[in-house]
Amino acid sequence: SDSGGYLTWNPKEEIDVAGTRVYRSDAAAGGFKPLGEGVIKQNGLLVASYRPGSYYAVQAIDEFGNESAMSAPFRGP
């Protein structure tokens, strides 16, 4: 939309998940940089700087700050 793109993902099922970080790259092979500084508590995010054709990935963060492996990249339409 004119205000950005809304990304959603399936939540992790572990009970100690504190939130998610969202990453973006111009290539599926790497170069992912986080969108924002914090951890997202919901399973979706409105990205005002959404760029069609970019690749996005998510990573779960637990209550102790441990990070899961990054998801497989997905490409925005």
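This is a short conversation about a predicted model.

Visitor: What should I know about the numbering and the thresholds?
Guide: Residues are numbered from 1 along each chain as its sequence is written, and side-chain values use heavy atoms, with hydrogens and water left out. The model is predicted, so local features need pLDDT of at least 70 and side-chain atom pairs count only at pLDDT 80 or more, while totals for chains, interfaces and linings use all residues.

Visitor: Where is Ser25 found?
Guide: Ser25 belongs to strand S2, residues 17–25; strands are DSSP runs of E, at least two residues, numbered from the N terminus.

Visitor: Why does Ser25 count as buried?
Guide: Ser25 counts as buried because its relative accessibility is 4%, and buried means under 20% relative accessible area with a 1.4 Å probe, protein chains only.

Visitor: Which backbone oxygen does its side chain reach?
Guide: The Ser25 side chain reaches that of Gly30, at 2.5 Å.

Visitor: And what is Ser25 in contact with, leaving aside neighbours within four places in sequence?
Guide: Its partners are Gly30, Gly31, Phe32, Ser54 and Tyr55, where contact means heavy atoms within 4.5 Å.

Visitor: Turning to Val58, what is it in contact with on that basis?
Guide: Leaving aside neighbours within four places in sequence, Val58 is in contact with Trp9, Thr20, Arg21, Val22, Ala69, Met70 and Ser71.

Visitor: Which residues make up the largest nonpolar core?
Guide: There are nine: Leu7, Trp9, Val22, Leu35, Ile40, Val47, Tyr50, Tyr56 and Val58. Such a core is a set of buried Ala, Val, Leu, Ile, Met, Phe, Trp, Tyr and Cys residues joined through side-chain atoms within 4.5 Å.

Key. Helices (H or I, at least four residues) and strands (E, at least two) are DSSP runs, numbered from the N terminus. Buried means under 20% relative accessible area, exposed over 50%, partly exposed in between (1.4 Å probe, protein chains only). A polar contact is a pair of N or O atoms within 3.5 Å; within protein, one must be able to donate a hydrogen and the other to accept it, and residues adjacent in sequence count only if both atoms are side-chain atoms.
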